[in-house]
Amino acid sequence: MKNKIMPRLRRLLPLAPAFMLSGCTLDLLDPRGPVGLENRNVILLELGVMLCIVIPVIVMTLYFAWKYRASNTEAEYLPNWDHSTKIEFWVWTIPGVIIAILGVTALYTSYQLDPYRPIQTAESAGRKPLNVEVVALDWKWLFIYPDQGIATVNQLAIPVNTPVNFRITSDAVMTSFFIPRLGSQVYAMAGMQTQLHLLASQEGDYRGEASHYSGRGFSDMKFRTLAMNDDQFNQWVDKVKSSSDTLDSADYPKVAAPQEAAPVQYFAHVQPNLFDGIVAKYNNGMVIDKSTGQVMHMQSAMSDMQMKE
C-alpha cells in the first residue's frame, strides 16, 4: 500500500507552493479606501488588456504548431507567399487599440490618483482632515500629529471616513511610504517633502511598510495603520498623551538613531515645527512656510509661530 501512495504524493509536489500560499492575502486586491480601490481597478484593467494579447497568442501558437506539423500533408503550403492585407490590418489595429486603452487609462489615473489631490467622498463630506507628518528613519517610521501635539513610532492611527493629509520626508536614505490597502506608494527623500492624501473607508488594522530597500534593517521597517471610529481615535490620542515621553530637538537624535525591529513608542508632547526642522537641516536652515508658500529661514518660521501663539 505504501509503495502505491508514495508515487502519487510525488506527483503533487509541484503543487506544494500553491497550497502554502492558500492562506495568504494580496492587500493590493483587497482595498479599504477609495485610492486603493482605484489602484486595484487599474491593475485588473491592465491585466485584462494583457490577457487579450497573451491568451490569443498562446492559442494560435498551439493551433499553428498542430495544423502545420510535419505529419499533416494536407496543410496548405505557400512557399511564395509574402503579403496579406488582412493580417497587416489586425497586426496594426490590435496593438493600436491596446495602446490607446492603456494611454487613456494612464492619463486619467495620473490626474485622478495624484498624491497631491485632496480626497473628498460622500462619507467624508464636512469632516475636518487629519494632518500627519511622516519621517522615514533607519529603520522605523516617525508619525507626528501637529494638531494633537503628539507623535508615535511605527504606529499610525486614523479615523475612518476622514481625509488624511500626509507630509512626508526622510532623515535617512531614500525610501518609500506605502500602505497597500489604502494605496499610493510615495517616496521619502532627505531634505525634501512631499504630500499624500489617503482615506480609510473601513475600520481595520492595515500593514504599512517601506517598499524601497534602505539597508540591513529594511525587512523590519514596518508599521501598523489602525483605522478606527471617532471615539476609538480620541481614546487612542488620550492614550498617547498619557505617555511619559516627549519629543524635542534634544531627544530627537536618540529617536532617529538607527534601530532594527523598533518597538512602538508614544510621545505625549512634540516640539512644534520639528518636521520643518528635520527638512531644514538639509537646506541650510530654509523651509517653506505652509501658510504662504514662501521660502524662509527656520528661525524666522519659529518666531512667526510663537507670535501667532
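# Chat: a pocket, a helix and some odd spots

Author: Let's start with a pocket: in this predicted model, the second largest pocket has a volume of about 270 Å³.

Reader: ok, which elements give two or more residues to the lining of that second largest pocket?

Author: Those are α3 (34–67) and α4 (85–112).

Reader: and which residues line it?

Author: The lining of the second largest pocket is made by Cys52, Ile53, Pro56, Val57, Met60, Lys86, Ile87, Trp90, Val91, Ile94 and Pro95.

Reader: which element gives the most to that lining?

Author: α4 does, with six residues.

Reader: how many nonpolar, polar and charged residues are in the lining?

Author: Sorted by class, there are 10 nonpolar residues, no polar ones and one charged one.

Reader: tell me about α4 then. How many residues does it have, and how far does it reach?

Author: α4 has 28 residues, and from its first C-alpha to its last it reaches 40 Å. That is close to the 40 Å expected at 1.5 Å a residue.

Reader: which residues in α4 are buried?

Author: Ile98, Thr105 and Thr109 are buried in α4. The cover over the buried residues of α4 includes α3.

Reader: α3 again! Where is Pro34, and what does it touch?

Author: Pro34 is in helix α3. Leaving out residues up to four places away in sequence, Pro34 touches Ile119, Thr121 and Leu199.

Reader: how far apart are Pro34 and Ser201?

Author: Along the chain they are 167 residues apart, but their C-alpha atoms are separated by 7.3 Å.

Reader: why does Pro34 count as partly exposed?

Author: Because its relative accessible area is 25%, and partly exposed means in between the cut-offs of 20% and 50%.

Reader: what about Asn41? Where is that one?

Author: Asn41 lies in helix α3 too. Asn41 is partly exposed, with a relative accessible area of 35%. Asn41 and Leu29 are 12 residues apart in sequence, and 8.7 Å apart in space from C-alpha to C-alpha.

Reader: switching topic: how many helices and strands does the chain have?

Author: The secondary structure comes to eight helices and 15 strands.

Reader: and how much of the chain is buried?

Author: Buried residues make up 37% of the 309 residues. As for contacts between residues at least 6 apart in sequence, 67% of them join residues at least 24 apart.

Reader: let's look at a strand. Where is Thr169, and is it buried or exposed?

Author: Thr169 sits in strand β5 (residues 164–170). Thr169 has a relative accessible area of 0%, so it is buried.

Reader: what is Thr169 in contact with?

Author: Not counting neighbours within four places in sequence, Thr169 is in contact with Val134, Val135, Ala136, Ala188, Met189, Gly191, Met192, Gln193, Phe275 and Val279. Met189 also shows up in a polar pair: its backbone oxygen lies 3.3 Å from a polar atom of the side chain of Thr169.

Reader: and Thr225, where does that lie?

Author: Thr225 lies in strand β10 (residues 222–228). Thr225 is buried, with a relative accessible area of 0%.

Reader: which residues is Thr225 in contact with?

Author: Leaving aside neighbours within four places in sequence, Thr225 is in contact with Leu156, Ile158, Ile179, Leu182, Gly204, Asp205 and Tyr206.

Reader: cool. Now the backbone: which residues does a cis peptide bond join?

Author: A cis peptide bond joins Asp138 and Trp139, with omega at about -10 degrees. Trp139 lies in the loop between β1 (130–137) and β2 (140–145).

Reader: what is phi for Asn154?

Author: Asn154 has a positive phi of about 60 degrees, although it is not a glycine. The place of Asn154 is the loop between β3 (150–153) and β4 (155–159).

Reader: why does Asn154 count as buried?

Author: Because its relative accessibility is 4%, and buried means under 20%.

Reader: and Asn273, what is phi there?

Author: Phi of Asn273 is near 65 degrees, which is a positive value in a residue other than glycine. Asn273 is in the loop between β13 (269–270) and α7 (274–280).

Definitions and conventions:
Residues numbered from 1 in each chain as written. Predicted model: local features only at pLDDT ≥ 70, side-chain atom pairs only at ≥ 80, totals over all residues. Heavy atoms only, no water. 1 Å grid on protein atoms, 1.4 Å probe; cavity = no way out; pocket = protein on both sides within 12 Å on 5 of 7 lines; lining within 4 Å. Points joined across faces, edges and corners; volume = space filled by probe spheres on them. Helix = DSSP H or I, 4+ residues; strand = E, 2+ residues; numbered from the N terminus. Nonpolar A, V, L, I, M, F, W, Y, C, P; charged D, E, K, R; others polar. Expected span 1.5 Å × (residues − 1). Buried < 20%, exposed > 50% of the residue type's maximum accessible area, 1.4 Å probe, protein only. Contact = heavy atoms within 4.5 Å. Polar contact = N/O pair within 3.5 Å; in protein donor to acceptor, adjacent residues only side chain to side chain.
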